[in-house]
Amino acid sequence: ISRSLFRNLPFDPLRDFAPIVTMGAFPIAVIVAPNSPFRDIRALVARAKAEPGRLNIGSISRGSTQNLSLELFKIRADIRAETVVFPATPQLTTAMLRGDVDAAFEITGPIAGQIAAGAIRVLAVTSAQRAANMPDVPTLQEQGVPDYDVASWNGLVARTGTPMEAIVAINRAVNEALRTPD
């Protein structure tokens, strides 16, 4: 994706890096303020279709997984809504809680405390399956948004040309660590 977002990169992400291991994947949450009139995605989509272009939906960083996930949602749900981009999660959640945006797309890590405290309500997750840490939250697909499956992920890479023995050793060590409960 970086190749299409930036005119000049000091590297070629496909040529200059060797993948080592995926460390984890996590869905993005579609969130609203606790006092939002939207109780599910169907209600949000219905409002967007009834009032095209009137809803404001926020994300962080143009081109981020959250931002691209929001744009895909608008396509798959066949709605028109304004995308409002913020530089970081604190500005996004503040705007949502103030009512400047009607909903937002954000990864769950930075907002987990606010979700647990009830300061943010989650309408859906973007992955094809429900999130293990939020089993009661339905997916977008379950709520009628077809062909939708987005998850963010973290991984390790090395420079192309790194000895294969090193890549294999790091892969094994990381996978061993990921299997431990701690």
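Which residues does Ile 31 touch, not counting residues up to four places away in sequence? In this predicted model, Ile 31 touches Met 96, Ala 103, Ala 104, Glu 106, Ile 111, Ile 120, Arg 121 and Val 122. Ile 31 belongs to strand β1. With a relative accessible area of 0%, Ile 31 is buried, because the cut-off for a buried residue is under 20%. Between the C-alpha atoms of Ile 31 and Pro 87 the distance is 17 Å, while 56 residues separate the two in sequence.

**Overall fold**

The chain contains six helices and six strands. Their order along the sequence is α-β-α-β-α-β-α-β-α-β-β-α. The C-alpha trace spans about 55 × 40 × 30 Å along its principal axes. Of the 182 residues in the chain, 38% are buried. Among contacts with a separation of 6 or more, 69% are between residues 24 or more positions apart. The accessible surface of the chain is about 10,500 Å², and carbon and sulfur atoms account for 53% of this surface.

**Nonpolar cores**

In soluble globular proteins, nonpolar side chains tend to be buried together. The largest nonpolar core in this chain has 24 residues. Ile 41, Phe 73, Phe 105 and Leu 140 have the most contacts inside this core. At least two core residues come from each of β1, α2 (41-50), α3, β4 (103-107) and β5 (121-125). Helix α2 gives the largest share, four residues.

Ile 41 shows which parts of the sequence meet here: leaving aside residues up to four places away in sequence, Ile 41 touches Val 30, Phe 73, Leu 123, Ala 124, Leu 140, Gln 143 and Val 145. Another core, of 16 residues, lies apart from the largest one and includes Ile 60, Phe 86, Leu 92 and Met 134.

**Largest pocket**

Rolling a probe the size of a water molecule over the atoms shows where empty space is left. The largest pocket has a volume of about 670 Å³. Its lining consists of 24 residues, and those nearest the centre are Ile 1, Ser 2, Pro 13, Thr 65 and Trp 153. Two or more lining residues come from each of α1 (2-5), β1 (17-32), α3 (65-77) and β6 (151-159). Strand β6 provides the largest share of the lining, seven residues. Sorted by class, the lining has 15 nonpolar, eight polar and one charged residues. Strand β1 and helix α3 thus appear in two lists: each gives two or more residues to the pocket lining, and each supplies at least two residues of the largest core.

**Positive phi in two aspartates**

Two residues other than glycine have a positive phi, Asp 78 and Asp 147. The table sets out their values.

| Residue | Phi | Loop | Relative accessibility |
|---|---|---|---|
| Asp 78 | about 55 degrees | between α3 and β3 (82-86) | 59% |
| Asp 147 | near 50 degrees | between β5 and β6 | 62% |

Is Asp 78 buried or exposed? Asp 78 counts as exposed, because its relative accessibility of 59% is over the 50% cut-off. Asp 147, at 62%, is exposed on the basis of that cut-off too. The loop holding Asp 78 follows α3 and leads to β3, whereas Asp 147 sits in the loop between β5 and β6. Strand β6 is also the element with the largest share of the pocket lining.

Methods
Residues are numbered from 1 along each chain as its sequence is written. This is a predicted model: local features need pLDDT of at least 70, side-chain atom pairs count only at pLDDT 80 or more; totals for chains, interfaces and linings use all residues. Side-chain values use heavy atoms; hydrogens and water are left out. On a 1 Å grid over the protein atoms alone, a cavity is a set of points where a 1.4 Å probe fits but cannot get out, and a pocket is an open set with protein on both sides within 12 Å along at least five of seven lines; lining residues have an atom within 4 Å of a point. Grid points are joined across faces, edges and corners, and a volume is the space filled by probe spheres set on the points. Ala, Val, Leu, Ile, Met, Phe, Trp, Tyr, Cys and Pro count as nonpolar, Asp, Glu, Lys and Arg as charged, and the others, Gly among them, as polar. Buried means under 20% relative accessible area, exposed over 50%, partly exposed in between (1.4 Å probe, protein chains only). Contact means heavy atoms within 4.5 Å. Accessible areas come from the Shrake-Rupley method with a 1.4 Å probe; for residues, only the protein chains shown count as cover. A nonpolar core is a set of buried Ala, Val, Leu, Ile, Met, Phe, Trp, Tyr and Cys residues joined through side-chain atoms within 4.5 Å.
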